[in-house]
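This report describes a single protein model, going from its overall build to one spot on its surface. Please look at the sequence and the structure before reading on.

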Amino acid sequence: MTPPSTHNETLATRKIFIKMAISAWDTYNSRVDELINKITDEQLMGDTSPGRNSGIYLLGHLVAVSDGMFPILGLGKRLYPELDRIFLNTPDHSGQDFPSINILKSYWITVNEKLSTHISRMPDEEWFQRHTNVSAADFANEPHRNKLNIIINRTNHTSYHLGQMAYLEKK
């Protein structure tokens, strides 16, 4: 039987978990950057497959979801809350007007640069604290519902939509 971990080992393990999660977050955001800079605006306007979401809709959706991380992580107010109506509350192909591709690309960059700045400055111990979408009582029962889990969840979300958007290259 192995002896219980020391406090220093626990802190070192936490640092590794934080580094892994943030590294994955950065990697998938970089992959979205690469894709949206590689494909044409015409490709980005197309559907990922017949009857599915368009690339511009998915880009706006990713911006809105990432922007929503500011209050969830306790980092301040959202930059573009008006995107929720278009990209979170209304399905694609509903006749709504989208911001231009260039505006959405600039929003994507701005949101991720600001998030990255905050993320890089967040103390390690804060990552394992509750996020604002979970009550203190629920967090006491489910401590995995912490800020680091938000990064992991949003990384998976970005990865999923990046996979859909990859089909735009083929068109």
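The text below takes up the fold, then some totals for the chain, then a surface patch.

The model is predicted. Its protein contains 8 helices and 0 strands. Followed along the sequence, the order of these elements is α-α-α-α-α-α-α-α. The C-alpha trace spans about 60 × 30 × 25 Å along its principal axes.

How much of the protein is buried? Of its 171 residues, 40% count as buried. Contacts can also be sorted by how far apart the partners lie in sequence. Taking contacts between residues at least 6 apart in sequence, 69% join residues at least 24 apart.

The table lists some totals for the protein.

| Item | Value |
|---|---|
| Accessible surface of the protein | about 9700 Å² |
| Part of the accessible surface belonging to carbon and sulfur atoms | 53% |
| Positive charges of the protein | 18 charges |
| Negative charges of the protein | 19 charges |
| Distance between the mean positions of the positive and negative charges | 3 Å |

The last topic is a patch on the surface. Which residues form this nonpolar patch? They are I16, F17 and M20, and together they have about 310 Å² of accessible area. One of them, F17, lies in helix 1, which covers residues 7–38. F17 has a relative accessible area of 43%, so this residue counts as partly exposed. Residues in a patch must have over 30% relative accessible area, and the 43% of F17 fits that cut-off.

Note on methods:
Residues numbered from 1 in each chain as written. Predicted model: local features only at pLDDT ≥ 70, side-chain atom pairs only at ≥ 80, totals over all residues. Heavy atoms only, no water. Helix = DSSP H or I, 4+ residues; strand = E, 2+ residues; numbered from the N terminus. Buried < 20%, exposed > 50% of the residue type's maximum accessible area, 1.4 Å probe, protein only. Contact = heavy atoms within 4.5 Å. Areas by Shrake-Rupley, 256 points an atom, 1.4 Å probe, with all protein chains shown as cover. Lys, Arg positive; Asp, Glu negative; His and termini not counted. Charge placed at Lys NZ, Arg CZ, Asp CG, Glu CD. Patch = residues over 30% accessible without salt bridge, like charges linked within 9 Å, V, L, I, M, F, W, Y side chains within 5 Å. Salt bridge = Lys/Arg side-chain N within 4 Å of Asp/Glu carboxyl O.
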